[in-house]
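Work through the following exercises with the sequence and the model open side by side. Each task is followed by a solution in steps.

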Amino acid sequence: MSQPNVFVIGATHHIAPIAVREKLTLNPEQSAALQQELAAIAGLKEFTVLSTCNRIEIYGVAATGDVAGAVQDVFCRRQRFAREEFEQFRLELRNQSAVGHLLEVAAGLDSQMVGETEIFGQVKDAYAAAQARGATGAVLNRIFQKAFQSAKMARTQTGITEGQISVANVAVELAANIFGNLDKTRVLLLGAGDIGEKTAKAFRSRGAGSLVVASRRMERAMELASELNATAMPFGQHEAHLSQFDIVVGSTAAPDTVVSAAATRAAMKKRPARPLFFIDLALPRDIDPAVAALENVFLYNLDDLAKIAAENLAARQAEITKCRTLLGTRAATLWQHVEPKLNGASPGAPGATYEPGRQPSP
């Protein structure tokens, strides 16, 4: 394919397991460095990088068909990930298929937890960052604006978000299966980010006995603890006090595990008759996977929770199909408008800018 094209290249939860995704995920510094390198690729006219716990995707407008390969090479080299291995898990789509994929991602249709709404904000943030860097132009501006509009339409015209099964709700149900009534359980939240906060609130709503928040930012831990009627604990003390807790939720942004198998083994010697339940919502993972081999210890990560949630999709299948059809139709219409613009697309080219709450015209 030598002509100009729109593409997306990356890896998602559909094929790449969590052990692979944690090697590919980007922290803010890594993302900024990658984007600086991408900007230097000849023939890459526009680009946006989307990195979440379930996907790393680079959307681009290419002058020729081989540009996506150059993007892949830069990404793999920066992540120290073999190109041959990456290609085993690679997502690569072009033109209308790439556009349709973005619409489904923004609407939550491609998420592990189908219908979740957090991804909408993550896509908006990724686009806003690319726009601020001058990395978008007429083509991606239009595509992303239409993705936001289509996502909102999907939520209002279909029941895609009805009966939504969230990570937090699945985690709480699992804990209830292990402990029964949660009113005597002690919950430790590691990290005070959005997903951890939602999970902590879910435990609170189900009557968890006590909740302790530990974050590297003590000020944030105290703030969240106040909101949840909980207690804040210095982050460095969490392993020493592990035996005091029944449920541990990992949701930090740490580059490595923060709970070791050795600390867990020591904790279980002090509570051999009572289970210890780990919910690892972080990527890279917070909990050493080796803890799962310890007696009376239960460990669930993001992929485990998603598998459980998938079992509940049957009742929502009709709405999922309706949503996919709606988005497919809009992607086809959008592509008809975008395709003629490809030859003239360039970074910073004239094009409407996204404004929150503004509905762009077709």
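**Exercise 1: a helix and its surroundings**

Helix α9 is followed by G207, which has a positive phi, near 85°. The model is a predicted one.

Task: State how many residues α9 has and how its reach compares with the expected span, then find which of its residues are buried and what they pack against.

Solution.
Step 1. Helix α9 covers residues 194-205, which makes twelve residues.
Step 2. From first C-alpha to last, α9 reaches 16 Å, close to the 16 Å expected at 1.5 Å a residue.
Step 3. Buried means under 20% relative accessible area; in α9 this applies to G196, E197, T199, A200, A202 and F203.
Step 4. These buried residues pack against α8, α10 (218-227) and the strands β5, β6 (210-215), β8 and β9.

**Exercise 2: the parallel sheet**

Task: Give the strand order of the six-stranded sheet, identify its edges, and describe the helices α8 and α12 relative to the sheet.

Solution.
Step 1. The order is β7-β6-β5-β8-β9-β10, in an open sheet with parallel pairing.
Step 2. At the edges stand β7 (231-234) and β10 (297-301); each has a single partner strand, so one side of each lacks a neighbour in the sheet.
Step 3. From one strand to the next, the twist averages 20°.
Step 4. Within the sheet, β5 (residues 186-190) and β8 (residues 247-250) pair in the parallel sense over four bridges, and V187 stands opposite I247 in β8.
Step 5. Helix α8 (residues 167-179) lies across β8, β9 (276-280) and β10, and runs at about 170° to β9.
Step 6. Helix α12 (residues 302-310) packs on the sheet by touching β9 and β10, and its direction makes about 80° with that of β10.

**Exercise 3: the antiparallel sheet**

Task: Do the same for the sheet of four strands, and place helix α2 on it.

Solution.
Step 1. This open sheet has the order β2-β3-β1-β4, with antiparallel pairing.
Step 2. Its edge strands are β2 (44-51) and β4 (91-94), each of which pairs on one side only.
Step 3. The twist averages 15° from one strand to the next.
Step 4. Strand β1 (residues 5-12) runs antiparallel to β4 and is joined to it by four bridges; V8 stands opposite L93 in β4.
Step 5. Helix α2 (residues 28-38) packs on the sheet and touches β2 and β3 (55-62), with its direction at about 165° to that of β2.

**Exercise 4: domains and helix α7**

Task: Give the domain bounds, the separation of the domain centres, and the burial of α7.

Solution.
Step 1. The chain is divided into domain 1 (5-157) and domain 2 (167-309).
Step 2. Taken over C-alpha atoms, the domain centres are 30 Å apart.
Step 3. Eleven residues from domain 1 and twelve residues from domain 2 take part in the contact.
Step 4. Helix α7 (residues 138-157) has 20 residues and reaches 28 Å, close to the 28 Å expected.
Step 5. Of its 20 residues, 15 are buried, so α7 is largely enclosed by the rest of the structure.

**Exercise 5: cysteines**

Task: Count the disulfides and explain why C323 is in none.

Solution.
Step 1. A disulfide needs two cysteine sulfur atoms within 2.5 Å, and the count comes to zero.
Step 2. The sulfur of C323 is 20 Å from the closest cysteine sulfur, in C53, which is too far for a bond.
Step 3. C323 is buried, at a relative accessible area of 0%, whereas C53 counts as partly exposed at 25%.

Conventions
Residues are numbered from 1 along each chain as its sequence is written. This is a predicted model: local features need pLDDT of at least 70, side-chain atom pairs count only at pLDDT 80 or more; totals for chains, interfaces and linings use all residues. Side-chain values use heavy atoms; hydrogens and water are left out. Helices (H or I, at least four residues) and strands (E, at least two) are DSSP runs, numbered from the N terminus. The expected span of a helix is 1.5 Å times one less than its number of residues. Buried means under 20% relative accessible area, exposed over 50%, partly exposed in between (1.4 Å probe, protein chains only). Two strands pair if DSSP finds at least two bridges between them. Axes are lines fitted to C-alpha atoms, for helices over the stretch in contact, and angles run from 0 to 180 degrees between N-to-C directions. Contact means heavy atoms within 4.5 Å. Domain bounds come from an automatic or database domain assignment.
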